[in-house]
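Here is a short briefing on one protein chain. Start with a single residue, then work outward to the sheet and the whole fold.

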Amino acid sequence: INGVGSLLFVFILQSIIRDDQRTRVLQTNRAFRITDQTLPFFRKGLNPDSCSAIANIVLNLTNADAIAITDDKQVLAHAGAGSDHHIPLKGLETGLTREALQLGELLIARTKDDIYCMHKDCPLAAAVVLPLKVHQETVGTLKMYFTNPNKLDDVHQELAEGLANLFSTQLE
């Protein structure tokens, strides 16, 4: 019985390891697909037209509820939930974005209050905000928003980090 139990334990462990590897492969594939589709738009720089196309591509290929891209002064594009008040070219809507631009590092919000949106009925409940850098200088942000904080898990965080690094490289 001990031998059978040990064998079952080994099979379960192997299954977990295979699932983890499969998830990582799928995430890497997704990141490369997004990168491939966004490259022509990043060649045009950070502007409202190119960022709008990029935000829509990322929104369609991820489980995020909204995607926003900013430069260092204003929102250039916002696609998905909250589009009624996260309006491009109207300045920075959230304190979280201002903070990410100042610090130049990844910030995570797991509650609505952490996002610091001035709109009281904002549906966005969690976010990961990543700096976009050119030659080590923060020139904007990539933001992935979620209406349910439970959707923001380690997998989405890693995907967002990978995309921000790839996007920064494309901008350079």
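T141 has 0% relative accessibility, so T141 counts as buried. The cut-off for buried is under 20% relative accessible area. The model is predicted. T141 sits in strand β5, which covers residues 137–146. Its surroundings lead into the sheet and one of the helices.

**Around T141**

- The T141 side chain makes a polar contact with the side chain of T70, at 2.7 Å.
- Beyond its neighbours within four places in sequence, T141 is in contact with residues that include A68, I69 and T70.
- A68, I69 and T70 fall within strand β1, residues 66–71.
- T97, A100 and L101 are also among the contacts of T141. These three fall within helix α3, residues 95–103.
- V129, L130, P131 and L132 are further contacts of T141. They fall within strand β4, residues 126–134.

**Strand β1**

- Is β1 mostly covered or mostly open? Strand β1 is mostly covered, with six of its six residues buried.
- A66, A68 and T70 point one way from β1. I67, I69 and D71 point the other way.
- Both sets are buried.
- In a regular strand, side chains alternate between the two faces of the sheet.

**Pairing of β1 with its neighbours**

- Strand β2 covers residues 75–80 and runs antiparallel to β1, with five bridges joining the two.
- A68 has H78 as its bridge partner in β2.
- Three residues lie between β1 and β2, and the two strands form a hairpin.
- β1 also pairs with β5, in the antiparallel sense, over six bridges.
- I67 stands opposite M144 of β5.

**The sheet as a whole**

- Which order do the strands take in the sheet? The order is β2-β1-β5-β4-β3, in an open sheet of five strands with antiparallel pairing.
- The edge strands are β2 and β3 (107–109), and each pairs on one side only.
- From one strand to the next, the twist averages 15°.
- Nine bridges link β4 and β5, again in the antiparallel sense.
- V134 has E137 as its bridge partner in β5.
- Strands of a sheet pair through backbone hydrogen bonds, either parallel or antiparallel.

**Helices against the sheet**

- Helix α2, residues 48–61, lies across β1 and β2. Helix α2 runs at about 30° to β2.
- Helix α3 lies across β1, β3, β4 and β5. Its angle to β5 is about 145°.

**The whole chain**

- How many helices and strands does the protein chain hold? There are five helices and five strands.
- From the N terminus on, the elements run α-α-β-β-α-β-α-β-β-α.
- The C-alpha trace spans about 70 × 35 × 25 Å along its principal axes.
- The protein chain has 172 residues, and 42% of them count as buried.
- Take contacts between residues at least 6 apart in sequence: 53% of these join residues at least 24 apart.
- The protein chain exposes about 9,400 Å². Carbon and sulfur atoms supply 53% of that area.

Terms used:
Residues numbered from 1 in each chain as written. Predicted model: local features only at pLDDT ≥ 70, side-chain atom pairs only at ≥ 80, totals over all residues. Heavy atoms only, no water. Helix = DSSP H or I, 4+ residues; strand = E, 2+ residues; numbered from the N terminus. Buried < 20%, exposed > 50% of the residue type's maximum accessible area, 1.4 Å probe, protein only. Polar contact = N/O pair within 3.5 Å; in protein donor to acceptor, adjacent residues only side chain to side chain. Contact = heavy atoms within 4.5 Å. Pairing = 2+ DSSP bridges. Axes fitted to C-alpha atoms, helices over the stretch in contact; angles between N-to-C directions. Areas by Shrake-Rupley, 256 points an atom, 1.4 Å probe, with all protein chains shown as cover.
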